[in-house]
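Student: I'm new to this structure and would like a close look at one part of it. Could you take me through how its helices pack, and then show me what lies around them?

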Amino acid sequence: MSRACENTIVVGCGAVSVDLLAIVAAYPKPDEKIRTTSFKVQGGGNTGNALTCASRLGLKPRIISKVADDTQGRELLRELEADGVDTSFMAVSLEGTSPFTYVIVDSQTKSRTCIHTPGYPPMKPVDLPKSSLLTALNGAKIVYFDGRLHETALVVAHEAIKKNIPILMDAERLREGLDDILKLADYVVCAAQFPQAWTEASTVPKALVCMLLRLSNIKFVIVTLGKDGCIMLERSFNEGPSTEEMDVDQLLESLEIRKNRSSHIPTCISSSVTKLHAEGIGTVCGKLYVGTAEYVPPSELIDTTGAGDAFIGSVLYAICANFTAEKMLCFAATVAASKCRAIGARTGLPYHTDPRLASFMN
């Protein structure tokens, strides 16, 4: 493990859940009765998963979320603590129910369908006393939000800014209160559909330019594309008089052509610092990166549940370890691929001692 990352504290605020995973031969038709081929109950939720990943990689995560004092809630806390996640800042409701999610994993298409039931009562800022918040943020290197618990998250975000702690935002989809935290974020990782949904731009590259223009704090934005890898736009402050201007869609096309499609391990290629122009939107100075996913043979591809959370947990580690952008994207793709080789969001998450990560950790 990178010595610089040893005992590095990260804080996450967002969803935890109990995942009830049903693996089926094929997704059922309406009114059909089918049997599972296997079944697993495991902790889930974006923040719970991402912080579990970060902990296994060697960071010291603290989680801010809420469960009820029921069987599921107690098991959620036990599982997080067993994985090295500090749950002492969690709110526990004496009454109500903890969040849970039915996850149907289709062995045929390798897809997963999630049906989520939120916990009750929901988390509110009053559930996090100021003294607890200050203790949670004490010594933290980065704070992560998954877009849920938006009222509490905004309180945490404002306090993080007072302490000059950078913010990583997981923009999975449009949610209530998401924009308020996005405006404060330093780093954003998006699901495939989010950039265009949020900006209404006609292409993903245009949408990324639009996000950097609208969100002045952002240092980089990544959009994850599953088996198609990822695209990252990094803001640059090194614009010179000789910096070339190029249409961002054309630049992405030129990078896609250079992509190494024969490699089974993750690769990354980038442009030079360029004035990236998006027709009808504007121009931003930055670097565009194209990362490939690791090829996972169909016989090894078990479940994609939580692959995005594994990617984000890896990005948290990479930021703390000061990885280059290229190293970060390849590292995150490697960790996400490892996760996909086992059932559930957490079973396949690798530890920092995993031989597959040795080239990144040394």
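Tutor: Let's start with α7 and α8, whose crossing is right-handed. Keep in mind throughout that this is a predicted model. Helix α7 covers residues 204-214 and helix α8 covers residues 248-258. Their axes come within 8 Å and cross at roughly 125°. Angles over 145 degrees would count as roughly antiparallel, and 65 to 115 as roughly perpendicular, so α7 and α8 are oblique to each other. On the α7 side, the contact is made by Pro205, Lys206 and Val209. From α8, the partners are Val248, Asp249 and Leu252. Sorted by class, this contact of α7 with α8 has four nonpolar and two charged residues, with no polar ones.

Now move along the chain to α9 and α10. Helix α9 runs over residues 307-320, and helix α10 over residues 325-339. They pack at an angle of about 140°, with their axes 8 Å apart. Here, too, the crossing is right-handed as α9 passes α10. To find the contact in the model, look on α9 for Ala307, Ala310, Phe311, Ser314, Val315, Tyr317 and Ala318. On α10, look for Met328, Leu329, Phe331, Ala332, Ala333, Val335, Ala336 and Lys339. The residues of this contact divide into 13 nonpolar, one polar and one charged.

A third pair is α3 and α4. Helix α3 spans residues 130-137, while α4 spans residues 150-162. The axes of α3 and α4 come within 11 Å and cross at roughly 55°. That angle makes α3 oblique to α4. The crossing in which α3 passes α4 is right-handed. In α3, the residues Lys130, Leu133, Leu134 and Leu137 meet Val155, Val156, Glu159 and Ala160 of α4. By class, the contact of α3 with α4 has six nonpolar residues, two charged ones and no polar ones.

This last pair leads us to a pocket. The second largest pocket holds about 570 Å³ of space, and two elements that give two or more residues to its lining are β5 (66-68) and α4. In total, 28 residues line this pocket. Those nearest its centre are Pro118, Pro122, Met123, Arg148 and Leu149. The lining is a mixture by class, with 12 nonpolar, nine polar and seven charged residues.

Leu149 deserves a second look. Besides being among the residues nearest the centre of that pocket, Leu149 lies in the loop between β9 (140-145) and α4. Its backbone has a positive phi of about 50°, although Leu149 is not a glycine. Most residues other than glycine have a negative phi, and most peptide bonds are trans.

That brings us to one more backbone feature, in the loop between β8 (111-117) and α3, where Pro121 is found. The peptide bond from Tyr120 to Pro121 is cis, with omega near -5°. To find these spots in the model, follow the chain from β8 into the loop that holds Pro121 and on to α3, then look for Leu149 in the loop between β9 and α4.

Key:
Residues numbered from 1 in each chain as written. Predicted model: local features only at pLDDT ≥ 70, side-chain atom pairs only at ≥ 80, totals over all residues. Heavy atoms only, no water. 1 Å grid on protein atoms, 1.4 Å probe; cavity = no way out; pocket = protein on both sides within 12 Å on 5 of 7 lines; lining within 4 Å. Points joined across faces, edges and corners; volume = space filled by probe spheres on them. Helix = DSSP H or I, 4+ residues; strand = E, 2+ residues; numbered from the N terminus. Nonpolar A, V, L, I, M, F, W, Y, C, P; charged D, E, K, R; others polar. Axes fitted to C-alpha atoms, helices over the stretch in contact; angles between N-to-C directions. Left-handed = near helix turned anticlockwise from the far one by under 90°. Contact = heavy atoms within 4.5 Å. Parallel < 35°, antiparallel > 145°, perpendicular 65-115°, else oblique.
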